[in-house]
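Visitor: Before we begin, I should like each label in this account to be justified by its value and its criterion. Please show me the model.

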Amino acid sequence: MTSDPVSFEEANQEGKWRSAMDDEIRSIEKNKTWELTNLPKGRKAIGVKWVYKTKRNAKGEVQRYKARLVAKGYKQKEGVDYGEVFAPVARLETIRLLISLAAQKSWKIYQLDVKSAFLNDFLEEEIYVEQPPGYVMKGKEDKVCRLKKALYGLKQEPRAWNMRIDDYFQKNRFEKCPYEHALYMKKEIDRSLLYACLYVDDLIFTGNNPAMFEDFKRRMVKEFEMTDIGLMAHFLDLVWKNAILSQLQ
């Protein structure tokens with residue numbers, strides 16, 4: 001098993017990683033994440049770097065090659081580049097409880113992966129980053145990128161994403177658990193139920209009505225750019241054998 005690249009120069013030698021970087025830049029451009037501009041006097045642009053990850057399924061087979069453009073958030077200054085940063089994520093105990101409930105009820109569990117989740121989130125702060133390695137605009141090398149939306153690595157990006165998806169869930173009649181702020185439930189008059197559990201940009205959901213699953217996926221894909229993983233078998237780098245067995249029944 002080969003290791004993932006640790007530098008742009010290394011990744012740029014292989015077509016699969018160049019393609020992954022192209023996909024990331026396309027997502028950034030599609031979401032209108034930034035605009036090229038001059039750096040204002042007295043401001044500093046935050047550096048960016050590429051991070052590479054081979055995504056594998058429960059069997060260890062390659063699903064896709066992922067390249068993320070990440071801001072060097074450790075160079076941000078509190079009070080200038082960011083304010084509040086806290087964002088809730090589901091506890092592992094909550095995830096285990098949801099899986100246990102699904103197993104007892106013989107419900108299927110599905111998984112969605114949000115592509116470039118943080119690129120969906122608007123920023124309140126004025127932040128500038130350097131142009132990404134390998135994608136510096138010819139003739140505009142002296143320009144920087146003013147962020148309109150969040151970028152991976154920023155101190156505030158998890159909070160911005162959480163606020164964005166929390167607002168979406170509540171507008172679509174989901175109830176947030178008062179004890180676990182990353183767990184949502186939607187119930188209909190006919191007693192149909194759907195539970196959605198969020199861990200940063202990974203989402204699992206289950207319930208008692210398959211029709212609700214399809215409607216939920218359709219709406220989510222329309223609102224956010226997502227990958228439908230299908231039945232959950234591998235989540236947070238853990239293989240859930242009980243969940244797999246329950247879905248095969």
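**Labels and their grounds**

Guide: In this predicted model, C197 is buried, its relative accessible area being 1%.

Visitor: Why is C197 called buried?

Guide: The label applies under 20% relative accessible area. C197 has 1%, so the criterion is met.

Visitor: What makes C145 count as buried?

Guide: The relative accessibility of C145 is 1%, and the cut-off is under 20%; therefore C145 counts as buried.

Visitor: How do you know that C197 has no bond to the sulfur of C177?

Guide: A disulfide requires two cysteine sulfur atoms within 2.5 Å. The closest cysteine sulfur to that of C197 belongs to C177 and is 9.8 Å away, so the two are too far apart for a bond.

Visitor: How many disulfides does a search of the whole structure find?

Guide: The search finds 0 disulfides.

Visitor: Which residues of β6 and its partner strands are bridged?

Guide: C145 in β6 is the bridge partner of L36, and C145 is also the bridge partner of V129.

Visitor: What makes β1 and β6 a pair?

Guide: Pairing needs at least two bridges. Strand β1 (residues 34-37) is joined to β6 by 4 bridges, so the criterion is satisfied, and the strands run antiparallel. Strand β5 (residues 128-129) is joined to β6 over 2 bridges, also in the antiparallel sense.

Visitor: Which strands form the open sheet, and in what order?

Guide: The order is β7-β8-β9-β10-β4-β11, 6 strands with antiparallel pairing. Strands β7 (175-176) and β11 (226-231) are called edge strands because each pairs on one side only.

Visitor: How do you know that β8 and β9 pair?

Guide: Strand β8 (residues 183-187) and strand β9 (residues 193-199) share 5 bridges in the antiparallel sense, whereas at least two would suffice. Within this pairing, Y184 stands opposite A196 in β9. Helix α4 (residues 157-171) packs on the sheet, and its direction makes about 175° with that of β9. Helix α5 (residues 210-223) also packs on the sheet, at about 155° to the direction of β10.

Visitor: Which residues touch the most other members of the largest nonpolar core?

Guide: They are W50, Y52, V129, L147 and L154, in a core of 24 residues. The largest share, 5 residues, comes from α2. L147 touches T33, W34, L123, I127, V129 and L154, leaving aside residues up to four places away in sequence. A second, separate core has 20 residues, including W161, F169, M212 and F216.

How values were computed:
Residues numbered from 1 in each chain as written. Predicted model: local features only at pLDDT ≥ 70, side-chain atom pairs only at ≥ 80, totals over all residues. Heavy atoms only, no water. Core = buried A, V, L, I, M, F, W, Y, C linked by side-chain atoms within 4.5 Å. Buried < 20%, exposed > 50% of the residue type's maximum accessible area, 1.4 Å probe, protein only. Contact = heavy atoms within 4.5 Å. Axes fitted to C-alpha atoms, helices over the stretch in contact; angles between N-to-C directions.
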